[in-house]
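This report describes one protein chain from its inside to its surface. Please look at the sequence and the model before reading on.

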Amino acid sequence: MGIRRKVFIGFGAILLFIIGFAVVGYWGNDRADDQMTKLIEKDYKLVSLANTLEENLSQRVIMARGYVLYGDEKYIEQFAENAEESAVLMDEMENLLGDNADYADAVAKTEKWNNLITDQVIPAYEEGGFDAAIPLMEQYCQVWSTDAMDAWDKIKNSVDQQLMNTGDNIISENHAQKNVFMVMAVLTAIIALAVAAWLIYTVVKPIKVIEGRLTQISDND
């Protein structure tokens with residue numbers, strides 16, 4: 001084997017290991033980026049939506065009580081605006097969650113409470129005033145609204161747990177990635193040393209032999 005081929009093979013082996021090291025690093029970073037994107041675009045968004053829906057429902061409870069206590073139409077107008085906002089938020093959450101039993105349960109309980117207000121409490125107040133509406137508020141409104149808020153809180157807690165699990169996975173994979181990098185770095189160093197030793201043995205040593213013989217010739221040996 002010629003000197004040129006030996007040098008080419010030696011440095012080619014080192015180059016392959018460096019390329020492999022770079023590929024592993026790129027794959028690890030790309031995977032970490034995907035997980036972080038998931039955290040930001042989905043999980044954090046779900047937590048925010050669950051919080052907003054719970055707050056929205058709480059505001060509607062206040063509006064319903066205000067209407068029954070004071071009879072001011074502005075409470076009903078605000079109630080309707082919040083209900084429209086809630087519908088938009090629930091559609092957004094459904095797009096993120098897909099087919100989810102907890103979400104379906106929260107929507108059902110929210111609609112059950114909302115229908116109580118729009119179909120029974122408000123008509124009762126319009127027909128009989130405070131005395132007609134307050135029994136419905138006392139008997140059903142508090143219990144059903146609490147059930148609905150608990151359902152949204154359950155979704156929030158579930159997503160919070162997902163966030164923690166994903167964060168733990170990212171940390172664990174980062175540690176594993178660091179270990180892989182260290183192993184690859186050590187292997188690359190070992191291969192580089194081995195190639196250098198091989199080049200010295202197969203290329204430099206014959207040159208030294210030739211150099212010695214040329215010295216002998218120059219000394220008329």
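A salt bridge is counted where a side-chain nitrogen of Lys or Arg lies within 4 Å of a carboxyl oxygen of Asp or Glu. The model discussed here is a predicted one.

**Salt bridges**

By that rule the structure holds 5 salt bridges. Glu54, Asp153 and Lys156 are linked in a network of such bridges. Three of the bridges in the structure are listed below, with the distance between N and O atoms.

| Lys residue | Acidic residue | N to O distance |
|---|---|---|
| Lys156 | Glu54 | 3.9 Å |
| Lys154 | Asp102 | 3.3 Å |
| Lys156 | Asp153 | 3.1 Å |

The bridge between Glu54 and Lys156 has its closest N and O atoms 3.9 Å apart. Glu54 belongs to helix α1 and Lys156 to helix α4, so this pair ties together parts that are 102 residues apart in sequence. Both Glu54 and Lys156 are buried. For Lys156 the relative accessible area is 18%, and residues count as buried because their value is under 20%.

Lys156 also meets the side chain of Asp153 in a salt bridge. These two residues are 3 residues apart in helix α4, so about one helical turn separates them. Asp153 has 23% relative accessibility and therefore counts as partly exposed.

The bridge between Lys154 and Asp102 has a distance of 3.3 Å between its closest N and O atoms. It links distant parts of the chain, with Lys154 in helix α4 and Asp102 in helix α3, 52 residues apart. Lys154 is partly exposed at a relative accessible area of 49%, and Asp102 is partly exposed at 26%.

**The nonpolar core**

Which residues have the most contacts inside the largest nonpolar core? They are Met93, Ile117, Val121, Met137, Trp152 and Ile155, in a core of 39 residues. Four helices each supply at least two residues of this core: α1 (3–70), α2 (73–97), α3 (101–128) and α4 (130–218). The largest share, 12 residues, comes from α4.

Apart from its neighbours within four places in sequence, Ile155 is in contact with Ala50, Met93, Asp102, Tyr103 and Ala106. Asp102 is thus a contact of Ile155 as well as the salt-bridge partner of Lys154.

Trp152 is also a contact of Thr110, a residue of helix α3. With neighbours within four places in sequence left aside, Thr110 is in contact with Leu57, Arg60, Ala148 and Trp152. Thr110 is buried, at 3% relative accessibility.

**Aromatic pairs**

A pair of aromatic rings is described by the distance of the centres and the angle of the planes. The count here comes to 5 aromatic pairs. One of them joins Tyr67 and Tyr125, a tilted pair with 4.8 Å from centre to centre and 55° between the planes. This pair connects helix α1, which holds Tyr67, with helix α3, which holds Tyr125, across 58 residues. Tyr67 and Tyr125 are both buried.

The ring centres of Phe79 and Trp113 are 5.8 Å apart and the planes meet at 45°, so this pair is tilted. Phe79 lies in helix α2 and Trp113 in helix α3, so the pair ties together parts that are 34 residues apart in sequence. Phe79 and Trp113 are buried as well.

**A nonpolar patch on the surface**

Val183, Val186, Leu187 and Ile190 make a nonpolar surface patch of about 340 Å². Ile190 is part of helix α4. Its relative accessible area is 48%, so Ile190 is partly exposed.

How values were computed: Residues are numbered from 1 along each chain as its sequence is written. This is a predicted model: local features need pLDDT of at least 70, side-chain atom pairs count only at pLDDT 80 or more; totals for chains, interfaces and linings use all residues. Side-chain values use heavy atoms; hydrogens and water are left out. A nonpolar core is a set of buried Ala, Val, Leu, Ile, Met, Phe, Trp, Tyr and Cys residues joined through side-chain atoms within 4.5 Å. Buried means under 20% relative accessible area, exposed over 50%, partly exposed in between (1.4 Å probe, protein chains only). Contact means heavy atoms within 4.5 Å. Patches are made of residues with over 30% relative accessible area and no salt bridge: like charges are joined within 9 Å, nonpolar side chains (Val, Leu, Ile, Met, Phe, Trp, Tyr) within 5 Å. Accessible areas come from the Shrake-Rupley method with a 1.4 Å probe; for residues, only the protein chains shown count as cover. Rings of Phe, Tyr and Trp (its six-membered ring) pair if their centres lie within 6.5 Å; planes under 30 degrees apart count as stacked, over 60 as edge-to-face and the rest as tilted.
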